[in-house]
Amino acid sequence: MPDNAEALMDAVLNDKEARVGSPYLNVEYKMSVDEYQELTPYASELEENWGKPPGNLNSDGANLLVYGKKFGNVFIGVQPSFGYEGDPMRLLFSKSASPHHGFAAYHTYLEKVFGADAVLHFGTHGSLEFMPGKQVGMASSCYPDRLINSMPNLYYYAANNPSEATIAKRRSYAATISYLTPPAENAGLYKGLKELGELVSSYKGLRENEARGPSIVNAIVAAAYSCNLDKDILDLPAEDADAKAMDLRQRDDVVGQVYRRLMEIESRLLPCGLHTVGVPPTAEESIATLVNIASLDRPEDGVKSLPRLLAESRDRDIEEVYRNNNNGVLED
């Protein structure tokens, strides 16, 4: 096995930006049409939708291509695409649809050529469980049953998506292993947005200063344009407008709109990368996640959010604070 993730991706993909079916993907096995038809008993049934094998998907025109890389007795493969990329759900709901020859050949390779003892599926979600067939109680005529056949199917599935995990269990016989979603943190402000936030903060203390206040507003408007916030703030003054011609309320309105947009950007939740199997979140990531959980009301359990409790400790209503924030009231 490669020593690190980078080397592994290079071995399997050759190009980290490669898409499914890309010529850069490593071809582990070329399956002839004769071998495919011999090992895949339902191959002829796919011809109604996809014509004679090998077809155009996962194919070089003469053979069916299995993308991936074998490392001893471990094969790391790239699951083929649905085939109906513009309408993938067509496979699940259309009685006449079927997987393409490349998809069938991939699973035939796993079971009958490579001889897999089990399939370990990474990622939420794949396409095996969405192949045509009955919704409940798969039969031998259902494609999920045909494709996975007798191979044990272990499936790493995100803990926040139990509904589709149930589909994987029900239709592809998966034994799901839940993994944590990546820890989330507030997006925060950076570069020009951070500088704009500092200008807004300085305005709060100098807003009534008729000498400094207007010049800071001019700087805020210019910085907002440089950060492309004019696309979000429709009535932002023109870049060449002079805040000296505005009264205090008008200046507050301008800064309040910029401030509101900055708060929306700063408070967005972003995942901290991807979850790594076997690696727990750091203390900082755990704290960020817990803080975000604590910021939500859970009325069904009678639990108030931390912001609501803090507002009540100061005889304030958090909904009023939020409304004021949306209206650009700088005091809140």
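This report describes strand S5 and its surroundings in a predicted model.

## Strand S5 and its pairing with S4

Strand S5 spans residues 153–158. Of its 6 residues, 5 are buried, so the strand is largely enclosed by the rest of the structure.

One neighbour of S5 is strand S4, formed by residues 119–121. The two strands run parallel and are joined by 3 bridges. Within this pairing, Val119 stands opposite Asn153 of S5. Between S4 and S5 the chain passes through helix H6, residues 143–148, and the resulting β-α-β crossover is right-handed.

## Pairing with S6

S5 is also paired with strand S6, which comprises residues 174–179. These strands are parallel as well, with 6 bridges between them. Leu154 has Ala175 as its bridge partner in S6.

The connection from S5 to S6 involves helix H7, residues 162–172, and the three elements make a right-handed β-α-β unit.

## The two sides of helix H7

The buried residues of H7 are Ala165, Ile167, Ala168, Arg171 and Ser172. Because they cover an arc of only 150° around the axis, they lie on the same side of the helix. On the face turned away from this buried side, H7 carries the exposed residues Pro162 and Ser163.

Tyr173 follows H7, and its phi is positive, near 60°.

## A nonpolar surface patch

A nonpolar patch on the surface is formed by Leu120, Phe122, Leu154, Ile177 and Val277. Together these residues have about 430 Å² of accessible area. Leu154 is thus a member of the patch in addition to being the bridge partner of Ala175.

Phe122 is located in the loop between S4 and H6. With a relative accessible area of 54%, this residue is exposed, since the term applies to values over 50%.

## Leu110 in helix H5

Helix H5 consists of residues 101–113 and contains Leu110. Leu110 has a relative accessible area of 8% and is therefore buried, the cut-off for that class being under 20%.

Leu110 and Leu147 are separated by 37 residues in sequence, while their C-alpha atoms are 9.8 Å apart in space.

## Summary

S5 is joined in parallel to S4 by 3 bridges and to S6 by 6 bridges. The crossover through H6 is right-handed, and the β-α-β unit containing H7 is right-handed too. Leu110 is buried, whereas Phe122 is exposed.

How values were computed: Residues are numbered from 1 along each chain as its sequence is written. This is a predicted model: local features need pLDDT of at least 70, side-chain atom pairs count only at pLDDT 80 or more; totals for chains, interfaces and linings use all residues. Side-chain values use heavy atoms; hydrogens and water are left out. Buried means under 20% relative accessible area, exposed over 50%, partly exposed in between (1.4 Å probe, protein chains only). Helices (H or I, at least four residues) and strands (E, at least two) are DSSP runs, numbered from the N terminus. Two strands pair if DSSP finds at least two bridges between them. A crossover is right-handed if, with the strands pointing away from the viewer, the path from the first strand over the helix to the second runs clockwise. The arc is that of the directions from the helix axis to the C-beta atoms. Patches are made of residues with over 30% relative accessible area and no salt bridge: like charges are joined within 9 Å, nonpolar side chains (Val, Leu, Ile, Met, Phe, Trp, Tyr) within 5 Å. Accessible areas come from the Shrake-Rupley method with a 1.4 Å probe; for residues, only the protein chains shown count as cover. A salt bridge is a side-chain nitrogen of Lys or Arg within 4 Å of a carboxyl oxygen of Asp or Glu.
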